[in-house]
Amino acid sequence: MTANGEPGANSDESSLNTLPLPDIRTSPMPNGNSNSSHKSSTVIESQPKRRVSIIADPPMIGGASGGAAGYDNLAYEQNPRRKISQTSTHSHTEIGPARRRSILKEPSLHTNDNESDRGSTHSYENYRQSALDVLNAKYQGHQHQPPQSQDGANYVEDSWIYTFCLKCRGEEPSESWEPSFWQKVFPYPLCPTFRTFSRLIVLILIGLLLWIVAFVIIGDTAAPGGQLFSLVVLTVAANFGGYIISLTTLPRLIGMLLVGILFQNVGWVDLEGDFSKVTGHLRKFALTIILTRAGLEMEPEAFKKVYKTILKLGIVPWIVEAAVMTVMSHYLLDLPWMWGCLLGSIIAAISPAVVVPCLFRLRTKGYGVVKGIPTLVVAVAGVDDALSVAIFGIISTIMFSDKGVGYQIAQAPVCILGGLAFGVIWGSIARIFPEKGDAYVVPLRTLMLFAGNLVAIYGSEELGFEGLGPLGVVFSSFVSNLFWCKDGWDVDDNPVSTAFEIFWMIFEPILFGLTGATIKIDELDSHTVSIGAACIFAGVVIRIFITAGIAVGDRLNTKEKFFVGLSWMAKATVQAALGPVALKNLGSDATAEERKWAEIVQTVCVFSIVLTAPLGAILISITGTRMLKKTKQPQILTGWRRSHRPSIRDISIIDEEEEREDPETPRDKETDDNTQSNAHLTNLSYTANK
């Protein structure tokens, strides 16, 4: 049909290109009793959650130039005075950047654009679709005719196995080479890409070669059935278990801990005896990495501005929770006061390994960004860990030392002042050596900081001031980071922090696998488990209310205060590193009662991870979207951030499904007027006359 209603020689496709487009300012809305001559009617439903304001200028019908420009709506996109919404940043006198294809467009009317769209997709999308077409055709028994992706049923893509496999896949940074037969035999995403497969083969070969070398050097311990071999198998299995759990968005450490418990109770691992010395050293290495990362991820400039809030919310709730655990464990678990204090200092610690991934998922969606709540929670978690480890070291030294009262009284001031002095000295040395322009400055700084912090941990233990080392590690990392930032490095992109992130990827499955392997289910006391769980949750609940109560003058409303308290309930890293230490510190002359107390401490620490880590992750994810305000605007905030993750400064949220007006965005009168003038245009329809 032509625009005049006369039959034309061209097909329906050509007639679509000559459809008259009405002027939305003057064209009346067709009513339901339209003339019978209107053979077709295309209705574009309004999107209730997408507000588009168009000023009352005559629309420009796009011609060849409009099509070349690539705009998706030719009637409106050529208007240079169009402003999209209240939060649009481009001028009324400019044409903004080309947007993605509009959801107001009817795809069935523009079949000519599909080919160009396909050409811009990621490389693996092309071969994925061809492979899936073959699978769908085989499933339907029509290999000579691929199934229709829109009208016909796409059985493979609609299946649960496809959804699950696609969830396991990630974006590749570059195009992947693969043999020509690969997609025919291993279609994506039901099978791994050739790049993933080849990476797995390389890792297996490296592990096999290293095992051969270790077996030749060490002997039977590295052979199958030996303790070193069992540790390696436990680490690999814990890593795999963490990956499986991560598919549910829960923290990886939950899967690692469960794998350790499984291996111990099935009898697949035995790490006791002389090999316990090796596991003890591995725990100290993991603890050093945890504290080093905590110091490196503190932003010095932000600390100057919010240090009062950080210290208030980090120290006071910690003291309250530790005190609650001390009192309840003394009266309900029959622990002596010193053992109760030791348990309280461990349990009161927060786990960044649980808190940080959940908070950064919320931050990327814009929740709590305006007030910097994610950075506040992460900052307090780092301070909290340093405080827990230092107090634990002081109490442990007093408990297991046979020296006089003066020595015990000197523990606290010596550890605090000594840790601060070590941090300043070693951090200053790390600024000068190596020289900042050295080609190998990153690996040299990484190794130097790591070696110095290990010396602090082991040296303080040898000197009898066990709390000095952890504080020295945090202070030295913080001071080093301070000087490196002055030399031009950015906290959000610190290569030394990235190196320690890699170290943690190696030691995380070792730490949590070993911690899980300390639990023997058949030897557990039901009374200890139940009362210990009650003590844990009592301390957590009281801490939440204390946090909400003291967060006065911090620009947080009631919901945000309780969310901050909820986010600090998860336990994991410090509990895994320090829980078994008391039992290891007992000498051969320890009494049976002392061993019982140490086992209670270890059991409560492990179950604090099992109970609070998954619950904390779930509550942060659920309550964050309900208790925190969401913003669409990129915000510039100061605070502490995880160095290797996206910065708060780079967040730009435009979520059409959850879009709302940002309360901090000033109103635009011109856009308001345009929105009101077009409010009656809820449905746009136009017809083709035959």
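Here are some questions and answers on how the labels used for this predicted model follow from its values.

Q: What makes up the secondary structure of the protein, and how much of the protein is buried?
A: The secondary structure comes to 25 helices and 2 strands. Of the 690 residues, 43% are buried. As for contacts between residues at least 6 apart in sequence, 76% of them join residues at least 24 apart.

Q: Why are helices α9 and α19 called oblique to each other?
A: Start with the angle: α9 (residues 252-266) and α19 (residues 495-516) pack at about 45°, and their axes are 7 Å apart. Roughly parallel needs an angle under 35 degrees, and roughly perpendicular runs from 65 to 115. The angle of about 45° fits neither range, so α9 and α19 count as oblique. The crossing of α9 past α19 is right-handed.

Q: Which residues of α9 and α19 meet?
A: On the α9 side you'll find L253, M256, L257, G260, I261 and Q264, and on the α19 side E508, P509, F512, G513, T515 and G516. Sorted by class, that contact of α9 with α19 has 6 nonpolar, 5 polar and 1 charged residues.

Q: What makes helices α13 and α14 roughly antiparallel?
A: The axes of α13 (residues 352-364) and α14 (residues 373-399) cross at roughly 170° and come within 9 Å. The cut-off for roughly antiparallel is over 145 degrees, so α13 and α14 earn the label. From α13, the contact uses P352, V355, V356, L359, F360 and R363; from α14, it uses P374, T375, V377, V378, A381 and D385. By class, the contact of α13 with α14 has 9 nonpolar, 1 polar and 2 charged residues.

Q: Why is α14 described as largely enclosed by the rest of the structure?
A: Just count: 23 of the 27 residues of α14 are buried, so the rest of the structure largely encloses α14. As for span, α14 reaches 38 Å from its first C-alpha to its last, close to the 39 Å expected at 1.5 Å a residue.

Q: How do you know that α14 and α18 are roughly antiparallel?
A: Their packing angle is about 155°, with the axes 7 Å apart. Anything over 145 degrees counts as roughly antiparallel, so α14 and α18 qualify. A386, V389 and A390 in α14 meet P470, L471 and V474 in α18. That contact of α14 with α18 has 6 nonpolar residues, no polar ones and no charged ones.

Q: How do you know that the span of α18 agrees with its number of residues?
A: Helix α18 (residues 468-486) has 19 residues, which should span 27 Å at 1.5 Å a residue. The end C-alpha atoms of α18 are 27 Å apart, so the two values agree. Helix α18 is also mostly covered, with 15 of its 19 residues buried. After α18 comes G488, with a positive phi near 120°.

Q: Why is L291 called buried?
A: L291, in helix α10 (residues 276-296), has 0% relative accessibility. Buried means under 20%, so L291 is buried. Setting aside neighbours within four places in sequence, L291 is in contact with D385, A386, V389, P470, V473 and V474. The C-alpha atoms of L291 and P470 are separated by 7.0 Å, although the two residues are 179 residues apart along the chain.

Q: Why does W426 count as partly exposed?
A: W426 sits in helix α16 and has 21% relative accessibility. Partly exposed lies between the 20% and 50% cut-offs, so W426 is partly exposed. Beyond its neighbours within four places in sequence, W426 is in contact with M448, L449, G452, S476 and S480. The C-alpha atoms of W426 and F475, 49 residues apart along the chain, are separated by 9.0 Å.

Q: What makes D334 exposed?
A: D334 has 57% relative accessibility, and exposed means over 50%, so D334 gets that label. D334 is in the loop between α11 (300-332) and α12 (337-347). Its phi is positive, about 60°, although D334 is not a glycine. Most residues other than glycine have a negative phi.

Q: What kind of peptide bond joins F433 and P434, and where is P434?
A: The bond is cis, with omega about 0°. P434 is in the loop between α16 (411-432) and α17 (441-463). Most peptide bonds are trans.

Note on methods:
Residues are numbered from 1 along each chain as its sequence is written. This is a predicted model: local features need pLDDT of at least 70, side-chain atom pairs count only at pLDDT 80 or more; totals for chains, interfaces and linings use all residues. Side-chain values use heavy atoms; hydrogens and water are left out. Axes are lines fitted to C-alpha atoms, for helices over the stretch in contact, and angles run from 0 to 180 degrees between N-to-C directions. Helices (H or I, at least four residues) and strands (E, at least two) are DSSP runs, numbered from the N terminus. A crossing is left-handed if the near helix is turned anticlockwise from the far one by less than a right angle, and right-handed if clockwise. Contact means heavy atoms within 4.5 Å. Ala, Val, Leu, Ile, Met, Phe, Trp, Tyr, Cys and Pro count as nonpolar, Asp, Glu, Lys and Arg as charged, and the others, Gly among them, as polar. Buried means under 20% relative accessible area, exposed over 50%, partly exposed in between (1.4 Å probe, protein chains only). The expected span of a helix is 1.5 Å times one less than its number of residues.
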